[in-house]
Amino acid sequence: LSAGTDATVSVAIMGQGGERWVPTLQQNNDHFAKGRTDSFVVSRGDDLGEIATVTLTCDNGGVFGDSWYCEKVTVAALASGRVWVFHCGKWVG
């Protein structure tokens, strides 16, 4: 049983004000592998404010399976230094 995926993974970030943002994650073959911690730097022109939710999905396009286990997602606003941690502890896909 593998805990990684080679499918394309997407993240949707929702601010408390209801604005939803789906940044493009520049993925390669090493991302979302079993036992790895992956980091992505994405940017947007304006601030979403407080982050309310994070939703993860994958496109089921992987050769080796589409489900993967996510322990947590951390969102950091580099300009303000704010950090939000969302504990997942579930299979995604």
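Buried, on this tour, means under 20% relative accessible area, exposed means over 50%, and partly exposed is anything in between (1.4 Å probe, protein chains only). Select Cys58 to try the scale out: with a relative accessible area of 14%, Cys58 is buried.

Some ground rules before moving on. What you have open is a predicted model, so local features need pLDDT of at least 70 and side-chain atom pairs count only at pLDDT 80 or more, while totals for chains, interfaces and linings use all residues. Residues are numbered from 1 along each chain as its sequence is written, and side-chain values use heavy atoms, with hydrogens and water left out.

**The whole chain**

Switch to cartoon and you'll find five strands and zero helices. Helices (H or I, at least four residues) and strands (E, at least two) are DSSP runs, numbered from the N terminus. Reading from that end, the elements go β-β-β-β-β. Of the 93 residues, 27% count as buried. Turn on the surface: the protein exposes about 6,300 Å², with 49% of it supplied by carbon and sulfur atoms. Those areas come from the Shrake-Rupley method with a 1.4 Å probe, and for residues only the protein chains shown count as cover.

**Stop one: the three-stranded sheet**

Select E1, E2 and E3. They form an open sheet in the order E2-E1-E3, with antiparallel pairing; two strands pair if DSSP finds at least two bridges between them. Strand E2 (20-21) and strand E3 (51-58) each have a single partner strand and stand at the edges, so one side of each has no neighbour in the sheet. Strand E1 (residues 9-15) is joined to E3 by seven bridges. To see one of the bridge pairs, pick Met14, whose partner in E3 is Thr53.

Now click Asn28, in the loop between E2 and E3. At a relative accessible area of 44%, Asn28 is partly exposed. Draw a distance from Asn28 to Asp6: the two are 22 residues apart along the chain, and their C-alpha atoms are separated by 8.7 Å.

**Stop two: the hairpin**

Next, select E4 and E5. This pair is antiparallel, over nine bridges, and forms a hairpin with four residues between the strands. Check the backbone torsions at Gly81 in the turn, where phi is positive at about 85°. For a bridge, take Trp68, whose partner in E5 is Val92.

**Stop three: the core**

Which residues touch the most other members of the largest nonpolar core? Show Ile51, Leu56 and Trp68, out of 18 core residues. A nonpolar core here is a set of buried Ala, Val, Leu, Ile, Met, Phe, Trp, Tyr and Cys residues joined through side-chain atoms within 4.5 Å. Strands E1, E3, E4 and E5 each supply at least two residues of this core.

Zoom in on Leu56. Leaving aside neighbours within four places in sequence, Leu56 is in contact (heavy atoms within 4.5 Å) with Ser10, Val11, Trp68, Cys70, Val73 and Val92. Then hop to Phe86, in strand E5. Not counting residues up to four places away in sequence, Phe86 touches Ile51, Ala52, Thr53, Val54, Lys72, Val73 and Val75. Phe86 and Thr55 are 31 residues apart in sequence, and 9.9 Å apart from C-alpha to C-alpha. Across the protein, of contacts between residues at least 6 apart in sequence, 54% join residues at least 24 apart.

**Stop four: the rings**

Show the aromatic side chains. Rings of Phe, Tyr and Trp (its six-membered ring) pair if their centres lie within 6.5 Å; planes under 30 degrees apart count as stacked, over 60 as edge-to-face and the rest as tilted. By this rule there are two aromatic pairs. Phe32 and Phe40 are stacked, because their ring centres are 5.8 Å apart and their planes sit at 25°. Phe32 is buried at 10% relative accessibility, whereas Phe40 is partly exposed at 26%.

Tyr69 and Trp91 make an edge-to-face pair, with centres 5.7 Å apart and planes at 70°. Tyr69 lies in strand E4 (residues 68-77) and Trp91 in strand E5 (residues 82-92), so the pair ties together parts 22 residues apart in sequence. Both are partly exposed, Tyr69 at 39% and Trp91 at 45%.

**Last stop: the cysteines**

How many disulfides does the structure hold? Zero, taking a disulfide as a pair of cysteine sulfur atoms within 2.5 Å. Finish on Cys70, which is in no disulfide: the nearest cysteine sulfur, that of Cys88, is 4.3 Å away. At 4% relative accessibility, Cys70 counts as buried.
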